[in-house]
Amino acid sequence: MIPPPSPGPELFGPLLARLRLARGWSQAQLAARLCAAAGVATLSRHEVSRWERQVRVPGEFWLGWLAVVLAVPRVRLSEAAVASRRTDAYPVTDGSRERRALLALAQRWLADPEGSLPPPGLTGSRGDPTWSWDDPTGSRDQPARSWDDPAGWLDRLRRLDDLSGGTDLAGLSASRLRWVARAVRLAGPSGRRRLLPVLGEAAQLAGWLAADAGDPAGGLAAYRLGLRAAAAAGDRALAGHVLGSASHLLAGIGDPPGALLLARVAYTGAGPGAPAGLRAVLSHRTAVAAALDGRHATAGQALTVARRAADRHDPRREPPWLYWLDPAELAAMTGRTLAVLGRPLRAEPLLRAGCRSGQPRATAIYGGWLARVYLDLGEVEQACAVAGEALLATVRAGSARAAGHLTEVGRRLAAYRAEPAVRRHAALVTAARPYLPRRVTPPVVRGRRRRPASVVT
């Protein structure tokens, strides 16, 4: 039976199912016709099934070939794809429960940034996140470690993150987060006031590393704890930074509407007194989420706000957790949004500024975007060269997020598989595959799986 059109905006999944069934094709037959038309043998019926169930929405490459194979206007498919991305009909399969909880908590915080959220880790009940973790020492009765220098270990771990990715560091960061959460629960009033900002920063870093290791659910849960801690500490700037990081995560796993909502909440909630560098970062989070959501005017406005804030950026007045923000990073973030907006000529020099020696993950991430830009410009050889550099940087960084990002580059290069440069790149990918980081698999504890960085807040 051919599914009828649903009321409201035409959504991509139901539309694709109707068009396919009207022609009497199975999902496998549609996949085979797409592969034959595009000259790519990597698409299976499982991907068509994901499109129809709206687990995923295809990118521009496959939208073009779907229009050819189904003999329908491309604009119709593109509009349906945009409608699906803007609605809850396009679910986030990784961490959807954590996503909903964080979005609700963020809205609650925005309504009253000064005190609407209950502080974390104070009740000692079985619902407290610290009770749900295994103590690294094997005993819950032992006192927490000394926190005489909490800023020291946080700073060291942040700078390790410049050199290694979440695959290597997520477990260590989660362990540190467990310790500080337990210390908050056991501390007196003065110790708690001192440790709440540390808890917020530790949770933000743990969420960032969990996301980089390919565990978005663990990352979102850690961000939820970080938001509670920052709100309890009265640190609106840190709370905005936590939500900006969560926006970055959602944008990376295919949820631009959720990412845009969190970025806007973060910018507004951080308030006019937020440091200029933070306002620039949060404006960039808004810009890229809006661009991914097809809201080009909103993205352009956010880029203008980001540029004005960046002009007032003074590293001496920024919090320690923004030490990494510099002109090259700001340029690369602008370039990423311009790439999404389809402005490759302007994006190319800005993204190249983000590919810096000594920072393998930045080279991997921005190199992936730069490769896409070169493909948009028709420079296939240059795209292969940059993608090869990004691939090697991904191996060095240990970032599952960067590895996933390069997968899309590989799909686009497959359309040019007759080119010698593309064949060489494919051989490099094959040789590097055993060394590429993979998503972190939560360890099994007492017959069930537990995410290293997950919390329940």
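Buried means under 20% relative accessible area, exposed means over 50%, and partly exposed lies in between, with a 1.4 Å probe and protein chains only. The model is predicted, so that local features need pLDDT of at least 70 and side-chain atom pairs count only at pLDDT 80 or more, while totals for chains, interfaces and linings use all residues. Residues are numbered from 1 along each chain as its sequence is written, and side-chain values use heavy atoms, with hydrogens and water left out.

**Exercise 1. Classify alanine 71 as buried or exposed, and state where it is found.**

Solution. Begin with the location: alanine 71 is found in the loop between α4 (60-70) and α5 (74-85), where helices (H or I, at least four residues) and strands (E, at least two) are DSSP runs numbered from the N terminus. Next, take the accessibility: because its relative accessible area is 65%, alanine 71 counts as exposed. Finally, look at the backbone, where the phi of alanine 71 is near 60 degrees, a positive value in a residue other than glycine.

**Exercise 2. Describe the overall make-up of the protein chain in terms of secondary structure, burial and contacts.**

Solution. The secondary structure comes to 20 helices and two strands. Of the 457 residues in the protein chain, 55% are buried. With contact taken as heavy atoms within 4.5 Å, one then considers contacts between residues at least 6 apart in sequence, of which 69% join residues at least 24 apart.

**Exercise 3. Test whether the span of helix α15 agrees or disagrees with its number of residues, and find what covers this helix.**

Solution. The expected span is 1.5 Å times one less than the number of residues. For the 14 residues of α15 (residues 327-340) this gives 20 Å, and the end C-alpha atoms are 20 Å apart, which agrees. Turning to burial, 11 of the 14 residues of α15 are buried, among them Glu329, Arg336 and Leu338. The cover over these buried residues includes α11 (236-252), α13 (276-292), α14 (296-311), α16 (344-354) and α17. After α15 comes glycine 342, with a positive phi near 80 degrees.

**Exercise 4. Repeat the analysis for helix α19.**

Solution. Helix α19 (residues 400-413) has 14 residues, which at 1.5 Å a residue should span 20 Å, and its end C-alpha atoms are 20 Å apart, in agreement. The buried residues of α19 are Ala400, Ala402, Ala403, His405, Leu406, Val409 and Leu413. Their cover includes α8 (166-186), α9 (189-212), α17 (360-376), α18 (380-397) and α20 (420-432).

**Exercise 5. Work out the surroundings of serine 245.**

Solution. Serine 245 has its place in helix α11, and because its relative accessible area is 1%, serine 245 is buried. Leaving aside neighbours within four places in sequence, serine 245 is in contact with Gln204, Trp208 and Tyr223. The side chains of serine 245 and glutamine 204 also make a polar contact at 3.0 Å; a polar contact is a pair of N or O atoms within 3.5 Å, where within protein one must be able to donate a hydrogen and the other to accept it, and residues adjacent in sequence count only if both atoms are side-chain atoms.

**Exercise 6. How many salt bridges does the structure hold, and which parts of the chain does the pair of aspartate 161 and arginine 361 link?**

Solution. A salt bridge is a side-chain nitrogen of Lys or Arg within 4 Å of a carboxyl oxygen of Asp or Glu, and the structure holds 17 of them. In one of these, the closest N and O atoms of aspartate 161 and arginine 361 are 2.7 Å apart. This pair links distant parts of the chain, with aspartate 161 in helix α7 (residues 150-163) and arginine 361 in helix α17, 200 residues apart. Both aspartate 161 and arginine 361 are buried.

A further salt bridge joins the side chains of arginine 352 and glutamate 348 (3.5 Å, N to O). Because arginine 352 and glutamate 348 are four residues apart in helix α16, about one helical turn separates them. At 37% relative accessibility, arginine 352 counts as partly exposed. Elsewhere, salt bridges that share partners join Asp161, Asp212, Arg361 and Arg401 into one network.
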